[in-house]
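User: I have a chain to go through with you. Let's take it one question at a time.

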Amino acid sequence: MKVLEVITQRGISVKKTGSVFVAICPFHNDTNPSLVIFPKTDSWYCFSCCFGGDASDFVARYENIPKEEARKRLKREKENNVDSSYYKENFLLDVFSDTLYAQRKERSFLELVALSKKFDLLINEKRYEEALEFLRNIARGGTNEN
Ligand SMILES: [Zn+2]
């Protein structure tokens, strides 16, 4: 996956400036965009905190995980890539609403709302594997987390 895609998918907005993109750096207290993304070399660099690298360096730092893990995560993200994510989301949402409908008499309204909120969050953050696991738990009648 491209650095630019990886960064924007994490909700960081970027602005095109000439042949590069700039963004507010998530790694220091940035007010003026000091993170620069270089599409040509598919790399990034923050001129304030002096960190930079490729897509996996960004993910490793952003998610505070080892680079190797970041590589794997990017590989997975690529497999679930943007085009298929639309279908994946719709599929998950369908199953989710069917499941909740089937359980409408066993759960309280507040429970349904809480489950929906949590599920929406997972979908919005494209955490599909967790969303699926969450669905499985709901189907088993679980996830009363408190
Ligand atoms: Zn920075």
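User: How many residues lie between E4 and E5 in their hairpin, and which residue in the turn has a positive phi?

Analyst: This is a predicted model. E4 and E5 form a hairpin with five residues between them. In that turn the phi of about 60° is positive, and the residue that has it is Cys-50.

User: Which residue in E5 is the bridge partner of Trp-44?

Analyst: E4 and E5 pair in the antiparallel sense, over two bridges. Trp-44 belongs to the covered face of E4, along with Cys-46. Its bridge partner in E5 is Gly-53.

User: Which residues form the uncovered face of E4?

Analyst: E4 has two faces, one of them covered. Trp-44 and Cys-46 make up the covered face. The uncovered face is Ser-43 and Tyr-45.

User: Which residue stands opposite Cys-46, and what phi does Asp-42 take?

Analyst: E3 and E4 pair over four bridges in the antiparallel sense. Opposite Cys-46 in E4 stands Leu-35. The hairpin of E3 and E4 has four residues between the strands, and there Asp-42 takes a positive phi near 55°.

User: What is the strand order of the open sheet, and which strands are at its edges?

Analyst: The sheet has five strands with antiparallel pairing, in the order E1-E2-E3-E4-E5. An edge strand pairs on one side only. The edge strands are E1 (14-17) and E5 (52-53).

User: Which element gives the largest share of the largest nonpolar core?

Analyst: That core has 15 residues, and Val-3, Ile-7 and Phe-58 have the most contacts inside it. Elements giving two or more residues include helix H1 (3-9), strand E4 (43-46) and helix H2 (55-63). The largest share is four residues, from H2.

User: Leaving aside neighbours within four places in sequence, which residues is Phe-58 in contact with?

Analyst: Phe-58 is one of the residues with the most contacts inside the largest core. With its neighbours within four places left aside, its contacts are Val-3, Val-6, Ile-7, Trp-44 and Gly-53.

User: Why do the buried residues of H6 lie on the same side?

Analyst: The 12 residues of H6 (128-139) should span 16 Å at 1.5 Å a residue, and the end C-alpha atoms are 16 Å apart, which agrees. Ala-131, Phe-134, Leu-135 and Ile-138 are buried in H6. They lie on the same side because they cover an arc around the axis of only 105°.

User: How many Å separate the centres of domain 1 and domain 2?

Analyst: The chain is divided into domain 1 (3-79) and domain 2 (82-139). Taken over C-alpha atoms, their centres are separated by 29 Å.

How values were computed:
Residues numbered from 1 in each chain as written. Predicted model: local features only at pLDDT ≥ 70, side-chain atom pairs only at ≥ 80, totals over all residues. Core = buried A, V, L, I, M, F, W, Y, C linked by C-beta atoms within 7 Å. Buried ≥ 20, exposed ≤ 12 C-beta atoms within 10 Å, placed from the backbone. Contact = placed C-beta atoms within 7 Å. Pairing = 2+ DSSP bridges. Expected span 1.5 Å × (residues − 1). Arc of directions from axis to C-beta. Domains from an automatic or database assignment.
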